[in-house]
Amino acid sequence: MRFRFVAASLLFLAAATASADGVLTRPSLRSDGPGRAALSEAEAALAANDPATARVKLLAALAAEPDHLGARVALAALARDSGLPTEARRLVDEALARLPPHAGALNLKGLLALDDGRLDD
């Protein structure tokens, strides 16, 4: 009975709060650090629905700021949307292991588990 309640709660939460691009919370790409320009360009590319450019800019931003959580989560979301769930899982797990827990990373991890049909995770 408890499993059904938890699974139903997760499905309701995912259905109620998912945005059009499938990520529950949009990560912040704001920065005052060395990756500021690349993050601004990545944000513009995401807004223009240009995932290839956004990926390149996010990778450049992470080269400058390796601990930028928003860039890691956005890159993982792009991997998921591009049909690369293994890459998305790796990026999310790496972000959660390296950095403090983040709602966007945890939500994306939950979406990836739902994509795999692992409701108990």
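# A guided tour of the helices and their salt bridges

Begin by selecting Asp81 and Arg80, whose side chains form a salt bridge in which the closest N and O atoms lie 3.9 Å apart. This is a predicted model, and every distance and accessibility given along the tour is computed from it. Asp81 itself is partly exposed, because its relative accessible area is 45%. Across the model the count of salt bridges comes to 5, and several of them are stops on this tour.

Move next along helix α4, which covers residues 69–81, and select Gly70, which is found in that helix. Gly70 counts as buried, because its relative accessibility is 6%. With Gly70 still selected, add Ala105: the two residues stand 35 apart along the chain, and their C-alpha atoms are separated by 8.6 Å.

Ala105 leads on to a helix pair, so to speak a second station, for which helix α5 (residues 85–98) and helix α6 (residues 103–115) should be displayed together, their axes coming within 10 Å and crossing at roughly 145°. The crossing of α5 and α6 is left-handed. To see the contact, show the side chains of Pro85, Ala88, Arg89, Val92, Asp93 and Leu96 on α5, and those of Ala105, Leu106, Leu108, Lys109 and Leu112 on α6. When the residues of this contact are coloured by character, they divide into 8 nonpolar and 3 charged, with no polar residue.

Stay on helix α5 and select Arg90 and Glu94, whose side chains meet in a salt bridge with an N to O distance of 3.2 Å. The two residues are separated by about one helical turn, because they are 4 residues apart in helix α5. Arg90 counts as partly exposed at 40% relative accessibility, and Glu94 likewise counts as partly exposed, at 28%. Now extend the selection to Arg72 and Glu87, since salt bridges that share partners join Arg72, Glu87, Arg90 and Glu94 into one network. As a general point, side chains of opposite charge can pair when their charged atoms come close.

For the next stop, turn to helices α2 and α3, whose axes come within 8 Å and cross at roughly 160°. How are the two helices oriented, parallel or antiparallel? The crossing angle makes α2 roughly antiparallel to α3. In passing α3, α2 makes a left-handed crossing. Selecting Ala38, Leu39, Glu41, Ala42, Ala45 and Leu46 on α2, together with Thr53, Ala54, Lys57, Leu58, Ala60 and Ala61 on α3, brings up the residues that make the contact. Those residues divide into 9 nonpolar, 1 polar and 2 charged.

Finally, within this contact, zoom in on Lys57 and Glu41, which form a salt bridge with their closest N and O atoms 2.8 Å apart. The pair links distant parts of the chain, for Lys57 belongs to helix α3 (residues 51–64) and Glu41 to helix α2 (residues 36–47), with their positions 16 residues apart in the numbering. Lys57 counts as partly exposed, because its relative accessibility is 26%, and Glu41 also counts as partly exposed, at 39%.

Key: Residues are numbered from 1 along each chain as its sequence is written. This is a predicted model: local features need pLDDT of at least 70, side-chain atom pairs count only at pLDDT 80 or more; totals for chains, interfaces and linings use all residues. Side-chain values use heavy atoms; hydrogens and water are left out. Buried means under 20% relative accessible area, exposed over 50%, partly exposed in between (1.4 Å probe, protein chains only). Axes are lines fitted to C-alpha atoms, for helices over the stretch in contact, and angles run from 0 to 180 degrees between N-to-C directions. A crossing is left-handed if the near helix is turned anticlockwise from the far one by less than a right angle, and right-handed if clockwise. Contact means heavy atoms within 4.5 Å. Ala, Val, Leu, Ile, Met, Phe, Trp, Tyr, Cys and Pro count as nonpolar, Asp, Glu, Lys and Arg as charged, and the others, Gly among them, as polar. A salt bridge is a side-chain nitrogen of Lys or Arg within 4 Å of a carboxyl oxygen of Asp or Glu. Angles under 35 degrees count as roughly parallel, over 145 as roughly antiparallel, 65 to 115 as roughly perpendicular and the rest as oblique.
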